[in-house]
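Hi,

Here is the structure I said I would pass on. Have a look at it first, and then read on for what turned up.

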Amino acid sequence: MLNQFSRTELLLGKSAMEKLANSRVAVFGIGGVGGYTVEALVRSGVGAIDIIDDDKVCLTNINRQIYATRKTVGKYKVDVAAERIAEINPNVAIHTYKTFYTPEQADQFDFAQYDYVVDAIDTVTGKIGLVMQAMASNTPIISSMGAGNKLDPTAFEVADIYETSVCPLAKVMRKELSRRGVKSLKVVYSKEKPLTPIDDIEISCKEHCICPPGTERKCTARRQVPGSNAFVPSVVGLIIAGEVIKDLIRS
């Protein structure tokens with residue numbers, strides 16, 4: 001019967017679509033990368049999705065985040081995302097968490113219930129925590145490496161963490177995961193050297209913070225606010241979604 005996923009089924013087949021409909025994916029971080037991952041997963045027919053992010057939409061998110069518009073500034077990203085997901089596919093089971101994931105929040109999540117985990121957060125401690133939890137539950141996980149301060153969306157590739165180079169975040173992750181005995185981790189990364197953001201006080205969030213009221217983690221607390229654009233984080237998010245879809249239908 002013709003339905004909203006018919007064009008996808010023409011490529012993947014009925015059995016694969018049934019697998020996706022019965023899959024549950026958790027996406028940690030729904031900013032520039034994770035937001036596009038969620039979008040593609042839902043439009044591909046994934047039947048249940050958990051979205052985890054404590055942030056609110058900021059005016060400076062509009063240049064790259066799919067949930068950020070003038071109308072959504074000041075709203076929690078997970079609330080905006082949940083509304084959009086329901087409009088795309090009202091049959092999706094949506095679980096939202098207004099949580100900034102750190103290892104201290106580990107008890108909130110039972111990774112054994114997920115068929116796949118997406119790490120799209122930007123702190124090393126959080127990323128390591130997600131990897132360790134996923135592996136303890138034998139749950140597949142894919143991690144986004146650094147997407148900020150980069151301009152070439154064609155440079156991103158899928159690799160094992162121990163095959164990466166150049167990317168500063170990947171270097172730290174290799175060291176920390178090796179110390180913990182982790183043998184492998186699928187990641188999306190780029191060998192493009194990060195640019196140094198222009199030092200302009202007039203457009204710096206550190207000097208002119210416009211985070212919505214109630215935002216707990218403001219840019220003023222960062223050592224450096226990364227530059228970003230519309231075409232790099234989105235591509236990373238879509239690459240990740242593609243890997244998740246392929247792995248789910250092959251499992």
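K186, E243, K246 and D247 are joined in a network of salt bridges. This is a predicted model, by the way, so please read everything below in that light. Within the network, K246 pairs with E243, and their closest N and O atoms are 3.0 Å apart. Both residues belong to helix α7, where they sit three residues apart, about one turn of the helix. The two partners differ in burial if you put the numbers side by side: E243 is buried, with a relative accessible area of 12%, whereas K246 comes out as partly exposed at 35%. The cut-off for buried is under 20%, in case you want to follow the labels in the rest of this mail.

How many salt bridges are there by this rule? The count comes to 12. Two more of them are worth pulling up in your viewer.

One is between E39 and R84, whose side chains meet with an N to O distance of 2.8 Å. E39 lies in helix α3 (residues 34–43) and R84 in helix α4 (residues 77–88), so this salt bridge ties together parts of the chain that are 45 residues apart in sequence. Is E39 buried or exposed? E39 is buried, at 8% relative accessible area, while R84 is partly exposed at 28%.

The other is between E157 and K191, with 3.1 Å from N to O. Here E157 is in strand β6 (residues 156–160), and K191 is in the loop between β7 (186–190) and α7 (232–250), so the pair links parts 34 residues apart in sequence. Both ends are partly exposed: E157 has a relative accessibility of 32%, and K191 has 40%.

Back to the helices that E39 and R84 come from. Two packed helices are described by the angle between their axes and the distance between the axes. For α3 and α4, the axes come within 10 Å and cross at roughly 20°. Why does that count as roughly parallel? The label applies to angles under 35 degrees, so α3 is roughly parallel to α4. The crossing of these two helices is right-handed.

Which residues make the contact between α3 and α4? From α3 there are V38, E39, V42 and R43, and they meet R84, I85 and I88 of α4. Sorted by type, the contact residues are four nonpolar, no polar and three charged. E39 and R84 are both on that list, and they are also the partners in the 2.8 Å salt bridge.

Just after α3, have a look at S44, in the loop between α3 and β2 (48–52). S44 is buried, with a relative accessible area of 17%. Once residues up to four places away in sequence are set aside, S44 touches F5, T8, M17, L20 and I245.

Next, some backbone angles you may want to check before you set anything up. N138 is not a glycine, yet its phi is positive, at about 55°. N138 sits in the loop between α5 (124–136) and β5 (141–144), and with 72% relative accessibility it counts as exposed. V166 also has a positive phi without being a glycine, with a value near 70°. You will find V166 in the loop between β6 and α6 (168–179), and at 41% relative accessibility it is partly exposed.

Last on my list is P226, in the loop between β7 and α7, which is also the loop that holds K191. P226 is partly exposed, with a relative accessible area of 34%. Its C-alpha atom is separated from that of P194 by 9.7 Å, and the two prolines are 32 residues apart along the chain. What does P226 touch, leaving aside its neighbours within four places in sequence? The contacts are with N149 and P197.

If you only have a few minutes, I would start with the network of K186, E243, K246 and D247, then go to the contact of α3 with α4, and finish with the positive phi values of N138 and V166.

Cheers

Technical notes:
Residues numbered from 1 in each chain as written. Predicted model: local features only at pLDDT ≥ 70, side-chain atom pairs only at ≥ 80, totals over all residues. Heavy atoms only, no water. Salt bridge = Lys/Arg side-chain N within 4 Å of Asp/Glu carboxyl O. Helix = DSSP H or I, 4+ residues; strand = E, 2+ residues; numbered from the N terminus. Buried < 20%, exposed > 50% of the residue type's maximum accessible area, 1.4 Å probe, protein only. Axes fitted to C-alpha atoms, helices over the stretch in contact; angles between N-to-C directions. Parallel < 35°, antiparallel > 145°, perpendicular 65-115°, else oblique. Left-handed = near helix turned anticlockwise from the far one by under 90°. Contact = heavy atoms within 4.5 Å. Nonpolar A, V, L, I, M, F, W, Y, C, P; charged D, E, K, R; others polar.
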